[in-house]
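Work through the exercises below with the model open. Try each task before reading its solution.

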Amino acid sequence: LTNDDASGGVLGLDTRPSNPDCVAPPRPTAATLVATQDAYPAAPGFVNATKLLQAPGAPGRWFVLEKAGRIRTFTTANPAGVTTWLDYTGRVDTASEGGMLGLAFHPAFPATREAYLSYTVDVAGAMVSRITRVRLDDAFAPTSGGTVEQVLLEVNQPRDNHNGGDIAFGADRSLYIGIGDGGGAGDPDNLAQNTTRLLGKMLRIDVLGVGFPTPRYRIPTDNPFAANPRCGPGANAAACPEIYAWGFRNPWRWSFDPPTGQLWLADVGQNAREEINIVARGGNYGWRCREGTADYRPSGCPAAGLLDPVAEYPHSAGNASVTGGYVYRGSAIPALRGRYVFGDFVSGRVWALEGNGAGGYALEELVDTPANVSAFGVDAAGELYYVEYAGAGRIRRLVAGGGGAVDTIPADLAATGCVNPADPTEPAAGLI
């Protein structure tokens, strides 16, 4: 720089001053809200666990579904005493993502000894999703000769992945059923948008107190297509009355939040995004037109009316398959109350959604685990657990992590390294 004013002369620095201490500190670390611990060290490991839940009316007792067909149970008072509650080994089709996938108890269990199962079977070389009612001779120690199974609904799967399979009763006492799009990269037949098929949908049917074999189940009168003839197991002439919402790729795990009645659903993405939805009756959640909020295959899709997820995250740093969890309603981790907690099967990370003040949500990573987080569970007190699919197959509990944020930003100007420590009104020698 040349000074062209009256004084003349050359301005600037001949050499850059040494600056050893006026540098940006490391980014502050996020608060560590939770840690995890082995909830039941005395219990044996579970093999390829797909679901973890407690039964209504039986707090202190866990049920763990294993992909190969066993449902195992134990009490928290005696976790070493694991027994096999039901065994469908050899009956379920375990190819790819098939197997024993879902369990729901009659709302009045164990007084009413009924349970509802979701699993896959092989029919003439093809996979079929099956929803059944099982009537038990004993609520906690049923015998093979004393159980009666009734097949309520079947859905043909064109392939053996994206099966969904989770089931649960809502506050309306209807049975909700999550079914994936039938597999294949990118839903090649666009089945999730085809309302004449049950694939890629959230279904809702009435089963409590309904006779068998006729009518097996009833259609809730406010389902979107309630007036149409029943559907299944394959192609149908009209929109299916069992449908509650549609446009899902693979709703692997989802849950109700009892205080609000909201249905939180984690939909496994294709190759770029994972998403979280709050599901409403009659909603179209976009797949395969969109993956998350981004266009995927918009050709032939509705011009309007697709619902955005409330949150999404990209496939980065090993993330690749969302595992839905629960809105936390426990007391052990106060900072999590009212927040939706979920994980990723591939990376093992666990997050919570935080309201952003504008009606949306931001993700906060809670803990990075080494596990394949296949399913979350909640106990009667509202505390959260998850089960490891591979490895030791442990049940782990989320607990308060303590500590809090590590703030690396100096609170005192003199501690920044950017001022003369002897006189903070003067710059350090290295400050430009």
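**Exercise 1. Describe the hairpin of β22 and β23.**

Step 1. Seven bridges link strand β22 (residues 349–355) with strand β23 (residues 361–368), and the two run antiparallel. Strands here are DSSP runs of E, at least two residues, numbered from the N terminus. Two strands pair if DSSP finds at least two bridges between them.

Step 2. Take one bridge. Glu 354 has Ala 362 in β23 as its partner.

Step 3. Look at the turn. Five residues lie between the strands, and Gly 357 takes a positive phi near 85 degrees.

A note on the source: this is a predicted model, in which local features need pLDDT of at least 70, side-chain atom pairs count only at pLDDT 80 or more, and totals for chains, interfaces and linings use all residues. Residues are numbered from 1 along each chain as its sequence is written, and side-chain values use heavy atoms, with hydrogens and water left out.

**Exercise 2. Trace the sheet that contains β15 and β16.**

Step 1. Write down the order: four strands, β14-β15-β16-β19, form an open sheet with antiparallel pairing.

Step 2. Find the edges. β14 (253–257) and β19 (311–314) each pair on one side only.

Step 3. Check the turn between neighbours. Neighbouring strands are turned by 15 degrees against each other on average, direction ignored. The axes are lines fitted to C-alpha atoms, and angles run from 0 to 180 degrees between N-to-C directions.

Step 4. Zoom in on the β15–β16 pair. Five bridges hold β15 (residues 262–267) and β16 (residues 273–279) in the antiparallel sense. Leu 265 stands opposite Asn 277 in β16.

**Exercise 3. Which cysteines form the three disulfides, and with what handedness?**

Step 1. Apply the criterion: a pair of cysteine sulfur atoms within 2.5 Å. A search of the whole structure gives three disulfides.

Step 2. Cys 22 is joined to Cys 418, S to S 2.0 Å. The S-S torsion is about 95 degrees, so this disulfide is right-handed. Cys 22 lies in the segment before β1 (34–38) and Cys 418 in the loop between β26 (395–400) and β27 (419–420), so the link ties together parts 396 residues apart in sequence.

Step 3. Cys 231 is joined to Cys 240, S to S 2.2 Å. With -95 degrees about the S-S bond, this link is left-handed.

Step 4. Cys 289 and Cys 301 have sulfur atoms 2.1 Å apart. Their torsion is about -100 degrees, so the disulfide is left-handed.

Step 5. Count bonded cysteines along the chain: the pattern is 1-6, 2-3, 4-5.
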